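Here are my notes, as promised. Have the structure open while you go through them.

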Amino acid sequence: MRYWPTLIMVLVLAGLGLYLYAIELPQKELHERQDTADQKVLLFDQETLSGLTIKTDRHELVFARTPRQGWVLTAPLTTEADQREVQNLIRALVTGTVTRVVEDHSTNLTPFGLDNPVTTVTVMAGAARETFSIGDSGPLSSTLYVLRESDHKVLLTTLAPKDFVNKTLMTFRRKDILHMSQSDVERIRLTYPTTEIVLYQGQEKPKSKWKLRYPIEAEADQTEVRALLFRLEDLKALGIIDPGPERDALAKTLTVQKVKVAIHTAEGDQTVRLYQPDEAGGVAIAETSPEGPLYRVNATAIKDLTKELFIFQDKRLLGIDYTDIAILSVKTPTEQYVLINQHNEWVLEDQPAEKLDQQATDLFVSRVANVPAEERVIKQAGPLAPYGLVTPAAEFIATGRDGKSRGKLSIGSHADGLAYATGQRISGIFQIRADLLTQIPKKTELLAAQTEKIPTLR
């Protein structure tokens, strides 16, 4: 009999636990979900959205979501949409929250700017739809009054005016002139009024390099080609003139192109021609096809895409990659020695048994191999005496792993941080940074043994 009170207590606790699990907790979760839903501006899941309409006093823009292209504009014309702009607007609705319900079924919308809303946004998710009227800013500049059509409530929201106010057709049109990703481009052809430059991507593994194919066969300046690709990818329209009378009239003024750019990818070829009818103006005209729209672009695009051959050449003067150097001869007025790479380790030709500081030697050889021309002084080799190159301040000769002379760099007189130089990679006389002249180590400074201490035994 003495166990009955304990048993009753266990049954009471079990019943209480069952009540909490079956009734109280589900109701609490329901209320929490309801509270969260009440705080949302848009109750649809972003991934379920299939359509969007934006209406202002100037435009009614209609968008549809497609599996392949994402958001496309279907009215007032059919064209590609600016995915980022559309997503920004949708994200603002999805993440926006309700600060408070100001009015419920209000009959006077004027105090909130909702009698004549600046923008009306309708979103569709299959058969479901919701419409929001965007009114005036709230007490804080980063808030907006919104009328939600489904429940006719006037809401004070965290939506920001910048996401909904002053949006135009141009805002939501795709403004990229070319459809490209830098990594997909295999060939670039730049055509100017008097010359042409062709760049192509090599097939080296694991990382291919850009090369010049025309007017010369040579290594390309990888940094300059990447900068060119970035400018092409970033080429955007400031305005769009669609086919029609205005486009036809403007096309008649486009007589001499400043530059034509053709890019080749696995998906096909694309071309853009740039013109500048008004030389004094800050706007240029881009054309991608004779029948398509004309695009107003910043005139600086012409300067960005109009480059001479020297800009795209590999400007490392020595003429051989650091990893391909087997022998490097170094000569200055006070030093003369030869470094040999034996089994990936540097040694001195006349002291092969001496150990060298490999890190310091590697750094020095890489500096010699990678020193670039900063400016070109003379295109073709000419008199060397005016530049101190008859008796150079430093001279480097590199031999490749095949035993043939592959590189040469001579440095002449210098001033104001720059030195005159000639190299094997590009013909002519150039200016380079004079730093290398102060970074040539003495033979004794390369010997690792000079810094090693042998402890004495007592």
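The points below go from the whole chain down to single residues.

1. First, the basics. This is a predicted model. The protein chain has ten helices and 26 strands. Of its 458 residues, 38% are buried. The chain exposes about 26,600 Å², and carbon and sulfur atoms supply 52% of that area. If you take the contacts between residues at least 6 apart in sequence, 57% of them join residues at least 24 apart.

2. The sheet I'd look at is an open one of nine strands with antiparallel pairing, in the order β13-β12-β11-β10-β15-β16-β17-β18-β14. Its edges are β13 (218–219) and β14 (239–241); each has a single partner strand, so one side of each is left without a neighbour in the sheet. For β14, the antiparallel partner is β18 (residues 294–298), over three bridges. Gly239 has Arg296 in β18 as its bridge partner.

3. Now to β15 and its two neighbours. With β10 it pairs in the antiparallel sense over six bridges, and Arg189 stands opposite Ala262 in β15. With β16 (residues 268–275), β15 makes an antiparallel pairing over seven bridges. His264 is matched there with Asp269 of β16 as its bridge partner. Two residues sit between β15 and β16, and the two strands form a hairpin.

4. Which side chains of β15 point to the buried face? They are Val259, Val261, Ile263 and Thr265, while Lys260, Ala262 and His264 point to the other face and are not buried. In a regular strand, side chains alternate between the two faces of the sheet.

5. Don't skip helix α4 (residues 222–233). It lies across β10 (185–191), β11 (196–201), β12 (210–214) and β15 (259–265), and runs at about 85° to β10.

6. On to the aromatics: the structure holds five aromatic pairs. Phe63 and Phe172 have ring centres 5.6 Å apart and planes at 70°, so this pair is edge-to-face. The two come from distant parts of the chain, 109 residues apart, with Phe63 in strand β2 (residues 60–66) and Phe172 in helix α3 (residues 169–172). Both Phe63 and Phe172 are buried.

7. Another edge-to-face pair is Tyr387 with Tyr420, at 4.9 Å centre to centre and 65° between the planes. Tyr387 is in the loop between β22 (375–378) and β23 (394–400), and Tyr420 is in strand β25 (residues 418–423), 33 residues apart. Are these tyrosines buried or partly exposed? Tyr387 has a relative accessible area of 16%, under the 20% cut-off, so it counts as buried. Tyr420 is at 24% relative accessibility and counts as partly exposed.

8. Two charges over rings are worth a click. Arg213 lies over the face of Tyr200, 3.9 Å from the ring centre. Lys315 has its charged end over the ring of Phe310, at 5.4 Å from the centre.

9. Last, a single residue: Thr53, found in strand β1 (residues 51–55). Its relative accessible area is 14%, so Thr53 is buried. Which residues does Thr53 touch, not counting those up to four places away in sequence? They are Glu60, Leu61, Val62, Thr120, Val121, Thr122 and Met124.

Technical notes. Residues numbered from 1 in each chain as written. Predicted model: local features only at pLDDT ≥ 70, side-chain atom pairs only at ≥ 80, totals over all residues. Heavy atoms only, no water. Pairing = 2+ DSSP bridges. Helix = DSSP H or I, 4+ residues; strand = E, 2+ residues; numbered from the N terminus. Contact = heavy atoms within 4.5 Å. Axes fitted to C-alpha atoms, helices over the stretch in contact; angles between N-to-C directions. Buried < 20%, exposed > 50% of the residue type's maximum accessible area, 1.4 Å probe, protein only. Areas by Shrake-Rupley, 256 points an atom, 1.4 Å probe, with all protein chains shown as cover. Phe/Tyr/Trp six-rings, centres within 6.5 Å; stacked < 30°, edge-to-face > 60°. Lys NZ or Arg CZ within 6 Å of the ring centre and 35° of its normal.
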